[in-house]
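Here are a few short exercises to work through with the model open in your viewer. Try each task before you read its solution.

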Amino acid sequence: MPDDNPKKIKSPDIDRPDRLPPGQVETDEWPIFSFRGTPEINLDTWQLRIFGLVEREKSWNWEELRKLPVTDVHSDWHCVTTWSKLGLIWTGVLVKDLLKDIKIKPEAKAVMLHSYDGYTTNLLIGDFLDDDVLFAWGVDGADFKPEQGWPLRLVVPKLYAWKSGKWVNGIEFIAEDKPGYWESHGYHIRGNPWEEERH
Ligand SMILES: Nc1nc2c(c(=O)[nH]1)N[C@H]1C(S)=C(S)[C@@H](COP(=O)(O)O)O[C@H]1N2
Ligand SMILES: [Mo]
């Protein structure tokens, strides 16, 4: 059954007196950045797989994913190309809820996120497991458009938007942090907008 009564949380950055990080400009647009266009995805065969340094690998199909508890996350979002969007409401499943029954091996230090278009991005395990990080299917009351990452994208409010992988299909726990796609093309390994960790 779909969950009609989502939990509601907010990201800590929402309480900052000045919500625009240095060098950012607010926009009302939704600019699209895809390194290789929008992949075609069929919900009947869609899968999200967790693998690498976990006790047991697991995958979810779309129906299974939508049975998990739903949360609305109120947060801001910053792109390294200097646009920011303030006050978005993302809807989806918190990483904490998704991983409730997953045992991560103690030697795991980072996550490599994989996507249907071949994109990858890396996250430190602490950044990935933070309270406001979610796998989302919609924003501001509407499901994503295909180019926004439909059916499912990661959202990491406290890091630049390139860490929020669209069209996700894999979560790989790894022993050492290592660069994903943009990180190996000159972007910063972590990408904290408040420290201007751009390149
Ligand atoms: N799978 C995938 N995820 C991705 C990208 C991509 O090319 N492929 N681009 C990243 C970049 S560089 C940015 S800025 C944001 C943009 O999200 P948007 O197109 O919804 O604005 O998605 C990130 N996630
Ligand atoms: Mo980007």
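**Exercise 1. Follow the side chain of Arg 198.**
Task: Which backbone oxygens does the side chain of Arg 198 reach, and is Arg 198 buried or exposed?

Solution. Keep in mind that this is a predicted model.
- Step 1: start with Val 80, whose backbone oxygen is reached by the Arg 198 side chain at 2.8 Å.
- Step 2: now look at Pro 22; the side chain of Arg 198 reaches its backbone oxygen too, at 3.1 Å.
- Step 3: place the residue along the chain. Arg 198 sits in the segment after β12.
- Step 4: check the accessibility. Buried means under 20% relative accessible area, and Arg 198 has 12%, so it counts as buried.
- Step 5: list the company it keeps. Skipping residues up to four places away in sequence, Arg 198 touches, among others, Gln 24, Cys 79, Thr 82, Tyr 160, Trp 162 and Tyr 187.
- Step 6: for contrast, try Ala 142. Arg 198 and Ala 142 are 56 residues apart in sequence, and their C-alpha atoms are 30 Å apart in space.

**Exercise 2. Do the same for Arg 153.**
Task: Which backbone oxygen does the side chain of Arg 153 reach, and in which strand is Arg 153 found?

Solution.
- Step 1: the strand is β11, residues 153–155.
- Step 2: the side chain of Arg 153 gets to the backbone oxygen of Gln 148, at 2.9 Å.
- Step 3: a relative accessible area of 4% makes Arg 153 buried, because the cut-off is 20%.
- Step 4: measure to Trp 167 in your viewer. Arg 153 and Trp 167 are 14 residues apart in sequence, with 5.4 Å from C-alpha to C-alpha.

**Exercise 3. Arginines over rings, and Asp 13.**
Task: Which arginine lies over the face of Trp 194, and which side chain does Asp 13 join by a polar contact?

Solution.
- Step 1: Arg 16 lies over the face of Trp 194, 3.5 Å from the ring centre.
- Step 2: Trp 194 also answers the second part, since its side chain and that of Asp 13 make a polar contact of 3.2 Å.
- Step 3: Asp 13 belongs to the loop between β1 and β2, and at 15% relative accessibility it counts as buried.
- Step 4: beyond four places in sequence, Asp 13 is in contact with Arg 19, Asp 76, Lys 158 and Trp 194.
- Step 5: for another arginine over a ring, go to Arg 66, which lies over the face of Trp 137 at 3.8 Å from the ring centre.

**Exercise 4. Classify an aromatic pair.**
Task: How many aromatic pairs does the structure hold, and what kind of pair do Phe 35 and Tyr 181 form?

Solution.
- Step 1: the count is 17 aromatic pairs.
- Step 2: for Phe 35 and Tyr 181, the centres are 4.4 Å apart and the planes make 50 degrees, which is tilted.
- Step 3: this pair links distant parts of the chain, 146 residues apart: Phe 35 is in the loop between β2 and β3, and Tyr 181 is in the segment after β12.
- Step 4: Phe 35, at 24% relative accessibility, is partly exposed, and so is Tyr 181, at 23%.
- Step 5: Phe 35 and Tyr 181 belong to one aromatic cluster, together with Tyr 119, Tyr 160, Trp 162, Trp 182 and Tyr 187.

**Exercise 5. Order the sheet.**
Task: In what order do the five strands of the open sheet come?

Solution.
- Step 1: the order is β4-β3-β12-β7-β8, with mixed pairing.
- Step 2: β4 and β8 stand at the edges with a single partner strand each, so one side of each has no neighbour in the sheet.
- Step 3: β3 and β4 pair antiparallel over four bridges, and Leu 48 has Trp 60 in β4 as its bridge partner.

Technical notes
Residues are numbered from 1 along each chain as its sequence is written. Chains are lettered from A and ligands numbered from 1 in the order in which they are written. This is a predicted model: local features need pLDDT of at least 70, side-chain atom pairs count only at pLDDT 80 or more; totals for chains, interfaces and linings use all residues. Side-chain values use heavy atoms; hydrogens and water are left out. Two strands pair if DSSP finds at least two bridges between them. Helices (H or I, at least four residues) and strands (E, at least two) are DSSP runs, numbered from the N terminus. Buried means under 20% relative accessible area, exposed over 50%, partly exposed in between (1.4 Å probe, protein chains only). A polar contact is a pair of N or O atoms within 3.5 Å; within protein, one must be able to donate a hydrogen and the other to accept it, and residues adjacent in sequence count only if both atoms are side-chain atoms. Contact means heavy atoms within 4.5 Å. Rings of Phe, Tyr and Trp (its six-membered ring) pair if their centres lie within 6.5 Å; planes under 30 degrees apart count as stacked, over 60 as edge-to-face and the rest as tilted. A charge sits over a ring if NZ of Lys or CZ of Arg is within 6 Å of the ring centre and within 35 degrees of the ring normal.
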